[in-house]
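The following exercises concern the packing of side chains in a protein model. Please study the sequence and the structure before reading each solution.

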Amino acid sequence: KDLKAISYVKDITIISNGMLLTKQLIDDLSAAGLTTLNISVSAIDTRLAKQIMGTEAYTIEKIKEMLAYAAKHAHFKTIITPVMIQGINEQEMDKIIDFGASIGCDVKIQKFCSNKAGRNPVKEISWELFYNALEKLEQQHHTKLKEEVYTLEQTKEYPCPFKRGERITAKIACNGR
């Protein structure tokens, strides 16, 4: 809500795995002025979804229910953003695209990129191979799967609310890696 009040802020996007979503939170985010919610769903298969997310706590059925609710009730755009991981979940892309279509959500597939601080279950494929795979899926499903590249407008830096060495108290809402 506070970000929305800043005159030069046009869009507010939250990128999440969706594990903490509830209907109430979706309603609250909608009322606050969220413009886009990107939810990473990299598998529809229960076992594979848990494996990719790295936790047994990940429940794809709950995520699907929250996505369907957001697509129908929220005043923001809901986008499913799977990461395609060569040799692990490319067969899930058809299911994810079909699910997105069934609830009225766009699907924008991301390329797996190696990260020296992250989990790297496979070697990264080339952008050419990735875009070739996306083009085939776009043709098969008659849909657009690549996200548009936008130019960002340069604005003044938002001031940091903390000072070096300052102690803060925070509630941990969900265990991370």
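**Exercise 1.** In this predicted model, determine which residues Leu 67 touches, leaving aside residues up to four places away in sequence.

*Solution.* Step 1: the contacts of Leu 67 include Ile 39, Val 41, Thr 78 and Ile 80. Step 2: Phe 99, Ile 103 and Cys 105 are also touched by Leu 67.

**Exercise 2.** Place Leu 67 within the largest nonpolar core, and state which helix gives the most to this core.

*Solution.* Step 1: the core has 40 residues, and Leu 67 is among those that touch the most other members, together with Ile 26, Val 41, Phe 76, Ile 80 and Ile 109. Step 2: at least two residues of the core come from each of helix 1 (23–32), strand 2 (36–39), helix 2 (46–53), helix 3 (60–73), helix 4 (93–103) and helix 5 (127–141). Step 3: helix 3 gives the most, with six residues.

**Exercise 3.** The structure holds three aromatic pairs. Classify the pair formed by Trp 127 and Phe 130, and state whether each residue is buried or partly exposed.

*Solution.* Step 1: the ring centres of Trp 127 and Phe 130 are 5.9 Å apart. Step 2: the angle between the planes is 85°; angles over 60 degrees count as edge-to-face, and this pair is edge-to-face. Step 3: because Trp 127 and Phe 130 are three residues apart in helix 5, about one helical turn separates them. Step 4: Trp 127 has a relative accessible area of 44% and is partly exposed, whereas Phe 130, at 3%, is buried.

**Exercise 4.** Identify which charged end sits over the ring of Trp 127.

*Solution.* The charged end is that of Lys 111, 4.6 Å from the ring centre.

Technical notes
Residues numbered from 1 in each chain as written. Predicted model: local features only at pLDDT ≥ 70, side-chain atom pairs only at ≥ 80, totals over all residues. Heavy atoms only, no water. Core = buried A, V, L, I, M, F, W, Y, C linked by side-chain atoms within 4.5 Å. Buried < 20%, exposed > 50% of the residue type's maximum accessible area, 1.4 Å probe, protein only. Helix = DSSP H or I, 4+ residues; strand = E, 2+ residues; numbered from the N terminus. Contact = heavy atoms within 4.5 Å. Phe/Tyr/Trp six-rings, centres within 6.5 Å; stacked < 30°, edge-to-face > 60°. Lys NZ or Arg CZ within 6 Å of the ring centre and 35° of its normal.
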